[in-house]
Amino acid sequence: MATPPPGTNFEAVPPPPLVPPGTDMTGICFRDQLWLNSYPLDRNMVFDYFALSPFYDWTCNNEQLRMRSIHPLDISQLSKMTGIEYMLSEVMEPHLFVIRKQKRDSPEKVTPMLSYYLLDGSIYQAPLLCNIFAARIGRALYYIQKAFTTAASKLEKIGYVDAENEGATLESKVTKETIDFKEVKRVDHILASLQRKLPPAPPPPPFPEGYTPPTTEEADNGPETQQTGEPQPPPVDPIIDQGPAKRMKF
């Protein structure tokens, strides 16, 4: 048989110290269906069920009472101790139980720390009030920012529509000018046809007696031109013959 080397310690290795549960454990829940099928969930057994969860602090005063075979929620015994303890604050058997973790400094002075609730056999940690406010404010800011982003995109689209409307307005103005141009040509054609249908203008009245009209080159050349028999061009009408293209535009 081999002998152990000198200096070997055969004493049992002490278990690692119990680590208290974390402060923020809102992301997990605990449920033991086997225990729920074996024991009733009421105010007398609820603490034993809560002690199985990772939310339970084994260094609390309630655990010391359990080791002394005293009910862990006995307020007459807990009030004589100082330190971390758990209290059953709200009960709605068998669906809802609220357990408060608190620090007792004296029989009258207690500082609440955390709250846990058992809902239909599942244990949850209640979030802190500051975390609730931060989450609600963050959610409100998210929706406000989303509303402003949506409003900004709508305004950009409205700006694009206004630009398109301005372009359409310019095009409509050009179209209106084209329509006016055609309308003027139509009116010119009507006036020309009316002029051709009307009888010729009457001759001018005779000059009064003793009045001698001034002699011009046209008057002197008039009879000669008439005698040659050459066709004379019709008088130029400033409206019909010149057309609307040569009119002054305002």
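# Exercises on a five-stranded sheet and its aromatic cluster

In this predicted model, strands E3 and E4 form a hairpin with five residues between them. The exercises below start from that hairpin and proceed to the aromatic residues.

**Exercise 1.** Determine in which sense E3 and E4 pair, and over how many bridges.

*Solution.* Begin with the pairing itself: E3 and strand E4 (residues 110–119) run antiparallel to one another, joined over nine bridges. Next, establish the register from residues that face each other. Lys103 stands opposite Thr111 in E4, and Val98 is placed opposite Tyr117 in E4.

**Exercise 2.** Describe how strand E2 is joined to E3 and which residue of E3 stands opposite Met87.

*Solution.* The connection is a hairpin that leads from E2 to E3 through three residues. Strand E2 covers residues 83–92 and strand E3 residues 96–104; their pairing is antiparallel, over nine bridges. Within this pairing, Met87 has Arg100 in E3 opposite to it.

**Exercise 3.** Give the strand order of the sheet and identify its edge strands.

*Solution.* The sheet is open, has five strands and follows the order E1-E5-E4-E3-E2, with antiparallel pairing. Its edges are strand E1 (29–30) and E2, each of which pairs on one side only. As general background, strands of a sheet pair through backbone hydrogen bonds, either parallel or antiparallel.

**Exercise 4.** State how many aromatic pairs the model contains, and classify the pair of Phe50 and Tyr86.

*Solution.* The count comes to 15 aromatic pairs. For Phe50 and Tyr86, the ring centres are 5.3 Å apart and the planes meet at 65°; because planes over 60 degrees apart count as edge-to-face, this pair belongs to that class. Phe50 lies in helix H2 (residues 46–50) and Tyr86 in strand E2, so the pair ties together parts that are 36 residues apart in sequence. As for accessibility, Phe50 has a relative value of 0% and therefore counts as buried. Tyr86, also at 0% relative accessibility, counts as buried.

**Exercise 5.** Classify the pair of Phe50 and Tyr116, and explain why Tyr116 counts as buried.

*Solution.* The ring centres of Phe50 and Tyr116 are 5.4 Å apart, with the planes at 55°, so the pair is tilted. This pair, too, links distant parts of the chain: Phe50 is in helix H2 and Tyr116 in strand E4, 66 residues apart. Tyr116 has 1% relative accessibility; since the limit for buried residues is under 20%, Tyr116 counts as buried. To complete the picture, ring pairs link Phe47, Phe50, Phe55, Tyr56, Trp58, Tyr86 and Tyr116 into a cluster.

**Exercise 6.** Locate Tyr124 and list its contacts beyond neighbours within four places in sequence.

*Solution.* Tyr124 is found in strand E5, which spans residues 122–125. Its relative accessibility is 27%, so Tyr124 counts as partly exposed. With neighbours within four places in sequence left aside, Tyr124 contacts Cys29, Phe55, Tyr116, Tyr117 and Leu119. Finally, compare sequence with space: Tyr124 and Arg31 are separated by 93 residues in sequence, while their C-alpha atoms are 9.4 Å apart.

Notes
Residues are numbered from 1 along each chain as its sequence is written. This is a predicted model: local features need pLDDT of at least 70, side-chain atom pairs count only at pLDDT 80 or more; totals for chains, interfaces and linings use all residues. Side-chain values use heavy atoms; hydrogens and water are left out. Two strands pair if DSSP finds at least two bridges between them. Helices (H or I, at least four residues) and strands (E, at least two) are DSSP runs, numbered from the N terminus. Rings of Phe, Tyr and Trp (its six-membered ring) pair if their centres lie within 6.5 Å; planes under 30 degrees apart count as stacked, over 60 as edge-to-face and the rest as tilted. Buried means under 20% relative accessible area, exposed over 50%, partly exposed in between (1.4 Å probe, protein chains only). Contact means heavy atoms within 4.5 Å.
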